[in-house]
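Open the model in your viewer and show side chains as sticks. This tour follows the aromatic rings.

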Amino acid sequence: MAGKRTFTMIKPDAVAAGNIGNILAMINKKGFKIVAMKYTHLTKDQAGQFYAVHKKRPFYRELVKFMSSGPIVAAILEKDNAVEDFRKLIGATNPKEAKKGTIRAKYASNVGENAVHGSDSDENAEIEGDFHFARTEIFK
Ligand code: DAT
Ligand code: MG
């Protein structure tokens, strides 16, 4: 099982810009299977908890405000080497540094509002998936 799943969010900027469909199409085209998905709106508390590892960073407050500013799509994706391959597909945190053809190069506005989240390790993929989904909401 290790290495097969990652967790993603389509962030409020990309949802507001009407890019849910475009981003999901890119995800599917790369061979990721969606095993869980929901359209939801995080409270400030939930966004703060999700990004708690960044609590000490100067952008934390801004990040929490942004992530709770509108609806998001949360999903668990399955594929061999899911975490690494998905990070490649989304591109660098700052869209100015993201490679051409990546989701962030196409759809992110700036380093703070960068269209998508992708887990950075197998361990965090599991923690983040569990944060958003009950066992009964995950399909194989
Ligand atoms: P990533 O989302 O690529 O894993 P991260 O974990 O370092 O990046 O940061 C989480 C989010 O915090 C990121 O997607 C957007 C925001 N962020 C990161 N660095 C930032 C910065 N220098 N200024 C504003 N927001 C930032
Ligand atoms: Mg990160």
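Start by selecting tyrosine 51. This is a predicted model, and here tyrosine 51 has 6% relative accessibility, so it counts as buried; the cut-off for buried is under 20%.

Now add phenylalanine 50. Its relative accessibility is 11%, so phenylalanine 50 also counts as buried.

Next, add phenylalanine 131 and look at its ring against that of phenylalanine 50. The two ring centres are 5.6 Å apart and the planes stand at 75 degrees, so this pair is edge-to-face. Trace the backbone between them: phenylalanine 50 belongs to helix 3 (residues 44-50), while phenylalanine 131 belongs to helix 7 (residues 122-132). The pair links distant parts of the chain, 81 residues apart. Is phenylalanine 131 buried or exposed? Neither label fits: at 31% relative accessibility, phenylalanine 131 counts as partly exposed.

Zoom out to the whole structure. How many aromatic pairs does a search find? The search finds four. Another of the pairs is phenylalanine 50 with tyrosine 51: centres 5.0 Å apart, planes at 75 degrees, and therefore edge-to-face.

Add Phe7 to your selection. Phe7, Phe50, Tyr51 and Phe131 form one aromatic cluster.

For the last stop, clear the selection and pick phenylalanine 32 with lysine 79. Lysine 79 lies over the face of the phenylalanine 32 ring, 5.5 Å from the ring centre.

Note on methods
Residues numbered from 1 in each chain as written. Chains lettered and ligands numbered in written order. Predicted model: local features only at pLDDT ≥ 70, side-chain atom pairs only at ≥ 80, totals over all residues. Heavy atoms only, no water. Phe/Tyr/Trp six-rings, centres within 6.5 Å; stacked < 30°, edge-to-face > 60°. Buried < 20%, exposed > 50% of the residue type's maximum accessible area, 1.4 Å probe, protein only. Helix = DSSP H or I, 4+ residues; strand = E, 2+ residues; numbered from the N terminus. Lys NZ or Arg CZ within 6 Å of the ring centre and 35° of its normal.
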